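These are my notebook entries on one chain. I set down what I looked up, in the order in which I looked.

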Amino acid sequence: MFHSTLALPLLLIAVSSNLAMAIKKEKRAPQTLSRGWGDEITWVQTYEEGLYQAKKSNKPLMVIHHLEDCQYCQALKKAFAENEEVQEMAQNNFIMLNLMHETTDKNLSPDGQYVPRIMFIDPSLTVRADITGRYSNRLYAYEPQDIPFLIENMKKALRLIQTEL
């Protein structure tokens, strides 16, 4: 009788301890700045911070303009977040910013304010007008099927920095 009375509390302690450890493992700090574009990526909060970090680190700044309720943005976000090569390059080689509002800097909307829009700014703080998407009516637009093209543009942004050093 004594053994069964002692066994029940020990069993409960063991089960609750294992449950607590499982919950702890699943729980991750929320990545609010990623907004679904990639939780492993380090994101800056503001355009100004992005410019500062780009200059300081000698890495290009990649700015993603999007809106939460835009179906095209959501589709691109999903493709962006699921592509391992994009995620790896974004984490290791770029300063990353995603904006859900328009900036007052006219350099970031040279051909209009549409979403989704992805632009590259080099460490000299120059918006790269020579790195554009596939569409002549929306120069900085990308669609989910354009991910290979975006990867090439990311590589181009990195090459341009190498040649300018």
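**Entry 1. Fold**

In what order do the elements of the chain run from the N terminus on? I read them as α-α-β-α-α-β-β-α. The chain thus holds 5 helices and 3 strands. I note at the outset that this is a predicted model.

I then looked up burial and contacts for the whole chain. Of the 165 residues, 38% are buried. Among contacts with a separation of 6 or more, 68% join residues 24 or more positions apart.

**Entry 2. Confidence**

I checked the pLDDT before going into detail. Its mean over the chain is 86, and 81% of the residues reach 70 or more. Where is confidence lowest, and where is it highest? Helix 1 has the lowest mean, 49, whereas helix 4 has the highest, 98.

Over residues 19-28 the pLDDT stays under 50. For this stretch the model has 2 contacts beyond four places in sequence. Where pLDDT is low, predicted coordinates should not be read in detail. I have left the stretch at that.

**Entry 3. Aromatic pairs**

How many aromatic pairs does the count give? I find 2 aromatic pairs. In one of them, the ring centres of Trp37 and Phe80 are 5.3 Å apart and the planes stand at 75 degrees. Why is this pair edge-to-face? The angle of 75 degrees is over 60, the cut-off for that class, so the pair is edge-to-face.

The pair links distant parts of the chain, 43 residues apart. Trp37 lies in the loop between helix 1 (2-26) and helix 2 (47-57), and Phe80 lies in helix 3 (residues 71-82). Trp37 has 0% relative accessibility and therefore counts as buried. Phe80, likewise at 0%, also counts as buried.

Phe94 and Phe120 form an aromatic pair that is tilted, with 5.9 Å from centre to centre and 55 degrees between the planes. Phe94 lies in the loop between helix 4 (84-93) and strand 2 (95-99), and Phe120 lies in strand 3 (residues 117-121), so the pair ties together parts that are 26 residues apart in sequence. Both Phe94 and Phe120 are buried.

**Entry 4. Surroundings of Met62**

I next looked up Met62, which is found in strand 1 (residues 61-65). Is Met62 buried or exposed? Its relative accessibility is 0%, so Met62 counts as buried.

Which residues does Met62 touch, leaving out those up to four places away in sequence? They are Phe80, Phe94, Ile95, Met96, Leu97, Ile118, Met119, Phe120, Leu150 and Met154. Phe80, Phe94 and Phe120 in this list are already entered above as members of the aromatic pairs. I also looked up Ala157, which is 95 residues from Met62 in sequence and 9.3 Å from it in space, C-alpha to C-alpha.

**Entry 5. Largest pocket**

I looked up the space in the largest pocket and found about 160 Å³. Which residues line this pocket? The lining consists of Thr42, Trp43, Val44, Glu49, Gln53, Ser57, Lys59, Gln91, Phe94, Ile95 and Met96. Helix 2 and strand 2 are the elements that give two or more residues to the lining. Helix 2 gives the most, with 3 residues. Phe94, Ile95 and Met96 of the lining also appear among the residues that Met62 touches.

**Entry 6. Charges over rings**

I looked up where an arginine lies over an aromatic face. Arg117 lies over the face of Tyr114, at 5.5 Å from the ring centre. Arg138 lies over the face of Tyr135, at 5.1 Å from the ring centre.

**Entry 7. Backbone**

Which peptide bond is cis, with omega near -10 degrees? The bond runs from Val115 to Pro116. Pro116 lies in the loop between strand 2 and strand 3.

I noted positive phi values in residues other than glycine. Asn58 has a phi of about 60 degrees and is found in the loop between helix 2 and strand 1. At 34% relative accessibility, Asn58 counts as partly exposed. Leu125 has a phi near 70 degrees and is placed in the loop between strand 3 and helix 5 (147-164). Leu125, at 38% relative accessibility, counts as partly exposed.

How values were computed: Residues are numbered from 1 along each chain as its sequence is written. This is a predicted model: local features need pLDDT of at least 70, side-chain atom pairs count only at pLDDT 80 or more; totals for chains, interfaces and linings use all residues. Side-chain values use heavy atoms; hydrogens and water are left out. Rings of Phe, Tyr and Trp (its six-membered ring) pair if their centres lie within 6.5 Å; planes under 30 degrees apart count as stacked, over 60 as edge-to-face and the rest as tilted. Helices (H or I, at least four residues) and strands (E, at least two) are DSSP runs, numbered from the N terminus. Buried means under 20% relative accessible area, exposed over 50%, partly exposed in between (1.4 Å probe, protein chains only). A charge sits over a ring if NZ of Lys or CZ of Arg is within 6 Å of the ring centre and within 35 degrees of the ring normal. pLDDT is the predictor's confidence in each residue, from 0 to 100. Contact means heavy atoms within 4.5 Å. On a 1 Å grid over the protein atoms alone, a cavity is a set of points where a 1.4 Å probe fits but cannot get out, and a pocket is an open set with protein on both sides within 12 Å along at least five of seven lines; lining residues have an atom within 4 Å of a point. Grid points are joined across faces, edges and corners, and a volume is the space filled by probe spheres set on the points.
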